[in-house]
Amino acid sequence: MRAPAKAWPLLTFVMAALLCAWLGAPARAEAGTNRATMLTGVAEQNMGFDFVTAGNYEVAAGMRTDGSVWTWGSNDCGQIGDGTTTDRSTPVRITAAQGALSVVVGGSHMVALMPDGRLLTWGDNWAGQLGDGTTTERHSPIYVPGMTDVRMVSAGDEMTMAIKTDGTVWAWGNNAQGNLGDDTTTLRKSPVQIPALAGARAIELGEASGFAIMADGSVRAWGANPDAQLGDGSTTNRPTPVTIAGLAGAREIVAGYGHGFAIMPDGGVKGWGDNSNGEVGDGTTSMRTSPITIASLAGARQVAAGDAHSMAILADGTVRAWGQNTSGQLG
């Protein structure tokens with residue numbers, strides 16, 4: 001069982017993008033987190049991955065163009081998915097997930113979206129984040145009962161959410177701070193429908209909160225909010241999704257541990273949340289309870305949010321980093 005911890009990555013999705021570019025393959029980013037230490041070994045082996053991502057507790061996954069799924073790193077909860085709890089310093093192939101359309105990594109669990117619209121999950125399950133109706137950790141992939149026709153999946157630290165082809169949104173796992181948006185704080189070991197998010201185009205989960213870009217272009221947020229990570233002008237937890245002013249039309253939402261960003265239609269970037277280490281990037285250390293424009297990031301191609309630091313790839317290909325740097329996480 002994993003205890004909740006503020007253990008977010010050294011480098012987030014920007015590292016995945018840079019690594020994929022290094023390996024000569026396009027980068028694709030799903031919700032989740034990345035650790036540079038988990039990705040470096042893959043680069044050294046030149047595995048030729050099309051996509052890499054990593055989780056909150058030193059575990060990572062990669063996909064190749066042949067449809068194979070590979071995992072490596074910490075395995076104390078079976079999050080590697082190879083049927084053991086043995087840590088893996090080199091990637092191992094997960095045959096059950098062959099052909100997966102995408103793989104997302106939560107804190108210490110993984111979810112694979114299969115071509116038939118079903119979901120495979122494995123790893124830690126203390127909060128029901130695998131969705132199988134139990135809190136039993138799974139060392140090998142299992143299907144989530146009743147989850148069919150899924151078109152998108154996202155994983156938070158101890159929760160999982162999915163959008164079906166009919167536009168319905170389903171969630172399961174830890175819900176202590178309203179993490180799932182179902183207007184309760186009840187732990188969910190099986191998927192429950194979230195009516196307030198029906199018709200969502202995309203979902204992005206943070207550590208214990210989430211965001212949805214709706215069909216009308218509005219952005220809704222829910223869950224834990226002690227650091228103003230929802231951007232709704234408050235620090236109040238929201239068990240029911242609320243609309244975030246100033247983010248209508250956002251192309252992408254990026255959620256970190258206590259702060260977040262939105263890439264807007266005009267290429268501008270807005271940020272909000274915890275800023276005690278300057279992670280919002282506005283040149284101050286003042287908490288931002290509502291989204292503000294980050295002028296220095298205009299035209300950014302990609303933005304990433306970690307624990308207390310952030311990174312971006314700009315239009316000219318340069319990389320910028322800001323925020324906490326106590327472990328050299330700014331590179």
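**Exercise 1.** In this predicted model, decide whether serine 310 is buried or exposed, and describe its surroundings.

*Solution.* Begin with the accessible area: serine 310 has a relative accessible area of 0%, and because buried means under 20%, serine 310 is buried. Next, place the residue in the fold, where serine 310 belongs to strand β22, which covers residues 309-313. Then look for a polar partner of the side chain, which reaches the backbone oxygen of glutamate 279 at 2.7 Å. Finally, setting aside neighbours within four places in sequence, list the contacts of serine 310, which include Phe261 and Trp322 as well as His259, Arg320 and Leu330.

**Exercise 2.** Classify the ring pair formed by phenylalanine 261 and tryptophan 322, and locate both residues in the chain.

*Solution.* A pair of aromatic rings is described by the distance of the centres and the angle of the planes. The count of aromatic pairs comes to two. For phenylalanine 261 and tryptophan 322, the centres are 6.1 Å apart and the planes stand at 85°, so this pair is edge-to-face. The pair joins distant parts of the chain, since phenylalanine 261 lies in strand β18 (residues 259-263) and tryptophan 322 in strand β23 (residues 319-323), 61 residues apart. As a last step, check the accessibility of each partner: phenylalanine 261 is buried at 0%, and tryptophan 322 is buried at 12%.

**Exercise 3.** Find which charged residues sit over the rings of tyrosine 143 and tryptophan 170.

*Solution.* Over the ring of tyrosine 143 sits the charged end of arginine 118, at 3.7 Å from the ring centre. For tryptophan 170, the residue over the face is lysine 164, at 4.8 Å from the ring centre.

Note on methods: Residues numbered from 1 in each chain as written. Predicted model: local features only at pLDDT ≥ 70, side-chain atom pairs only at ≥ 80, totals over all residues. Heavy atoms only, no water. Phe/Tyr/Trp six-rings, centres within 6.5 Å; stacked < 30°, edge-to-face > 60°. Helix = DSSP H or I, 4+ residues; strand = E, 2+ residues; numbered from the N terminus. Buried < 20%, exposed > 50% of the residue type's maximum accessible area, 1.4 Å probe, protein only. Lys NZ or Arg CZ within 6 Å of the ring centre and 35° of its normal. Polar contact = N/O pair within 3.5 Å; in protein donor to acceptor, adjacent residues only side chain to side chain. Contact = heavy atoms within 4.5 Å.
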